[in-house]
Amino acid sequence: MDWSKLAFGYIKTNKIICSWYKDGEWSPLSAEGDDRITISALSGALHYGIEAFEGLKAFRGVDGKVRLFRPDENAKRLKRSADFLGIASPGIEMFVEACKRAVIENIDFLPPYESRASMYLRPFLIGVEPQIDLVSSKEVLFAVAAIPVGAFSGKNLTPARMLLARDHDRAAPMGTGSYKIGGNYAASMLAGTKAKKEGFASILYLDSAERKYVDEFSSSNFFAVKGNSYITPDSPSVLPSITNKSLIQLAEDFGMKVEKRKIPVEELTEFDEVGACGTAVVITPVWEIVDKSSGVSYLTGDKDNPGNISKNLYRKLTGIQYGEEPDDHNWCMEI
Ligand SMILES: Cc1ncc(COP(=O)(O)O)c(C=O)c1O
């Protein structure tokens, strides 16, 4: 396989790990060679979006060891989403076991260290019971798929241009924004497609109650650097990003002040650095955020050079993931 050509897209790998929940019990984990499953066309997942998912990565380290990054955090977040949907979820131990198994069964798809690529794990829960009544599913499939993904920016972070959402909201106040459930992503599809066509890397959403404060990007959290502060939104409708949680800790380790607070849109002009953070790319530096409704363009960084703090945070976090830096917070789980 040419690891340098990998992007972020579906590739058929060896096995998908599955467990079915029925009559109050999970079946033993099984590794299936076919990732097509047979479920009723009337399954709750297909009609009412009874679906929750996660995303995490496995890395081949500089020392040859294979590491999962904070899988326990993903297990907890999946449970939170499942509780919101009213469906069963696996315990942390079963979740981690399934992730490890997904890596092992697909080990020949785990990119080598030198490629700076990694293996993306997609654990998910879907309600599989046939139904027409609007109730939560009692029967659930838990599965973990493993797909090799590209290095994106490799060691060089490439600054991106984002579109400020002015005619679209991602999450309602007191709605589903903080849960990792399929419906949130369906709701942002049209706006995302339009933004991509216009050449934007992603969309920056505002709080939908007042549209005054920064919330997050379509599939990543927002952070900014001002002086010695790492600033990230305090909002009930953003996904609690595990990458952001880790960057907050690293920023504190660097001696920075962390501010979790409301970020008025006008403040975008005042930051030294702005970034999008998430599992897929770790950090995407943002050099411009365009508000087409007012014609204002917020210049939030250098088009060609990522900011120093973003670079240092990126190096430190990926260094931990690839076993190059000491894992002081015990984030990695070796397989
Ligand atoms: C809406 C949204 N926000 C933030 C993130 C980043 O979260 P994490 O760092 O846990 O991948 C993601 C990606 O999973 C996402 O979909």
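## A tour of the predicted model

Begin with the whole chain. For 335 residues, a compact globule would have a radius of gyration near 20 Å, and the protein has 20 Å, which agrees. Keep in mind that this is a predicted model. Turn it along its principal axes: the C-alpha trace spans about 55 × 50 × 35 Å.

Switch to cartoon. The protein has 7 helices and 18 strands. Now show the surface. Its accessible area comes to about 15,200 Å². Carbon and sulfur atoms account for 52% of that area. Of the 335 residues, 52% count as buried. Contacts reach far along the sequence: among those between residues at least 6 apart, 71% join residues at least 24 apart.

### Stop 1: the aromatic rings

Hide the surface and show Phe, Tyr and Trp side chains. A pair of rings is described by the distance of the centres and the angle of the planes. With centres within 6.5 Å as the cut-off, the count comes to 12 aromatic pairs.

Select Phe-53 and Tyr-185. Their ring centres lie 5.1 Å apart and their planes stand at 65 degrees, so the pair is edge-to-face. Planes over 60 degrees apart earn that label. Now colour by element of structure. Phe-53 is in strand 4 (residues 51-53), and Tyr-185 is in helix 4 (residues 182-187). The two residues are 132 residues apart, so to speak of a link between distant parts of the chain is fair. Both Phe-53 and Tyr-185 are buried.

Next, select Phe-95 and Phe-142. This aromatic pair is stacked, at 6.1 Å centre to centre with 25 degrees between the planes. Phe-95 belongs to helix 3 (residues 92-105) and Phe-142 to strand 8 (residues 140-149), so the pair ties together parts that are 47 residues apart in sequence. Are these two rings buried or exposed? Phe-95 is buried, with a relative accessible area of 0%. Phe-142 also counts as buried, at 1% relative accessibility.

Add Tyr-21 and Trp-26 to the selection. Ring pairs link Tyr-21, Trp-26, Phe-95 and Phe-142 into a cluster.

### Stop 2: charges over rings

Select Arg-116 and Tyr-322. The charged end of Arg-116 sits over the Tyr-322 ring, 4.3 Å from its centre. Then move to Lys-262 and Tyr-213. Here Lys-262 lies over the face of Tyr-213, at 4.7 Å from the ring centre.

### Stop 3: Arg-70

Centre on Arg-70. Look for it in the loop between strand 6 (66-69) and helix 2 (71-85). Arg-70 is buried, with a relative accessible area of 9%. Which residues does Arg-70 touch, leaving aside those up to four places away in sequence? They are Ile-242, Lys-245, Ser-246 and Trp-331. Zoom in on Ser-246. Its side chain makes a polar contact with the side chain of Arg-70, at 2.9 Å.

### Stop 4: Asn-221

Jump to strand 12 (residues 220-226) and pick Asn-221. Asn-221 is buried, at a relative accessible area of 6%. Show what surrounds it. Not counting residues up to four places away in sequence, Asn-221 touches Glu-216, Val-238, Leu-239, Ser-241, Asn-244, Gly-275, Ala-276 and Cys-277.

Two of these neighbours deserve a distance label. The side chains of Asn-221 and Glu-216 are joined by a polar contact of 2.8 Å. At Leu-239, look at the backbone: its oxygen lies 3.1 Å from a polar atom of the Asn-221 side chain.

For scale, label Asn-14 as well. Asn-221 and Asn-14 are 32 Å apart in space, C-alpha to C-alpha, and 207 residues apart in sequence.

### Stop 5: Asn-228

Finish just along the chain. Asn-228 is in the loop between strand 12 and strand 13 (229-233). How accessible is Asn-228? At 46% relative accessibility, Asn-228 counts as partly exposed. Outside the residues up to four places away in sequence, Asn-228 touches Gly-255, Met-256 and Lys-257. Draw the distance to Gly-255: the side chain of Asn-228 reaches the backbone oxygen there at 3.1 Å.

One last label goes on Gly-278. Asn-228 and Gly-278 are 22 Å apart in space, C-alpha to C-alpha, and 50 residues apart in sequence.

How values were computed
Residues numbered from 1 in each chain as written. Predicted model: local features only at pLDDT ≥ 70, side-chain atom pairs only at ≥ 80, totals over all residues. Heavy atoms only, no water. Phe/Tyr/Trp six-rings, centres within 6.5 Å; stacked < 30°, edge-to-face > 60°. Helix = DSSP H or I, 4+ residues; strand = E, 2+ residues; numbered from the N terminus. Buried < 20%, exposed > 50% of the residue type's maximum accessible area, 1.4 Å probe, protein only. Lys NZ or Arg CZ within 6 Å of the ring centre and 35° of its normal. Rg over C-alpha atoms; globule rule 2.2 N^0.38 Å. Contact = heavy atoms within 4.5 Å. Areas by Shrake-Rupley, 256 points an atom, 1.4 Å probe, with all protein chains shown as cover. Polar contact = N/O pair within 3.5 Å; in protein donor to acceptor, adjacent residues only side chain to side chain.
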